[in-house]
Amino acid sequence: MAVPVLDSYVESIERIQPNQANNYENAHGGEVVRLMDELAAVAAMTVAGETCVTAHIGSVDFLNPIPVGHVAELSAYVYDTGTSSLEVRVNVEGRDPREGETVATTAACFTMVAVDENGDPVDVPAVVARTDRETELVESAPC
């Protein structure tokens, strides 16, 4: 049974703390990728109903920094599946919580694989775009 794309859509907000920053007082790139990876896994597990692990991260585009004290607003969704793999688009925006304006900061595509308790790949359901919004997400997803 196919799963609608929007059923996999998840969001997360993280306030950037000094221990997550580089020497320029912006979120460290590795920290942003860690947050993205965690959310990609949640989106994938929502579709798979199984534990999902990272198999590949496509091009990670760092567009703008996220200063300490600002928030990283992450969104992720599954836009395609294979036999046991799930393609997940993750977008990050930065925002000063006192002002409200957001700016695109980071984007990447993750390939996750659903695994059983032994770490062996398991089959996953397909995702399907049934609404205009879902079609838009799928069409804009590939990195």
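How many helices and how many strands are there in the protein? There are two helices and eight strands, where helices (H or I, at least four residues) and strands (E, at least two) are DSSP runs numbered from the N terminus. Starting at the N terminus, the order of elements reads β-β-α-β-β-β-β-β-β-α. The radius of gyration comes out at 16 Å, close to the 15 Å that the globule rule gives for 143 residues, so the protein is as compact as a globular protein of that length; the radius is taken over C-alpha atoms, and the rule is 2.2 Å times the number of residues to the power 0.38.

A word on the input: this is a predicted model, with local features needing pLDDT of at least 70 and side-chain atom pairs counting only at pLDDT 80 or more, while totals for chains, interfaces and linings use all residues. Residues are numbered from 1 along each chain as its sequence is written, and side-chain values use heavy atoms, with hydrogens and water left out.

On the global side, the C-alpha trace spans about 45 × 40 × 20 Å along its principal axes. Of the 143 residues, 43% are buried (under 20% relative accessible area, with exposed meaning over 50% and partly exposed in between; 1.4 Å probe, protein chains only). Taking contacts (heavy atoms within 4.5 Å) with a separation of 6 or more, 73% link residues 24 or more positions apart.

Now for the inside. The largest nonpolar core (buried Ala, Val, Leu, Ile, Met, Phe, Trp, Tyr and Cys residues joined through side-chain atoms within 4.5 Å) has 37 residues, and M36, L86, V88, F110 and M112 have the most contacts inside it. At least two core residues come from each of α1 (29-48), β5 (71-81), β6 (85-95) and β7 (102-115), and α1 gives the largest share, ten residues. Once neighbours within four places in sequence are set aside, the contacts of M112 include D37, A40, A41 and A44, along with C52, V53, S85, L86 and V88.

Two glutamates round off the picture. E31 lies in helix α1 and, at 16% relative accessibility, counts as buried. Its C-alpha is 6.3 Å from that of Q20, eleven residues away in sequence. E25, by contrast, sits in the loop between β2 (10-15) and α1 and counts as exposed, at 60% relative accessibility. The phi of E25 is near 65°, a positive value in a residue other than glycine.
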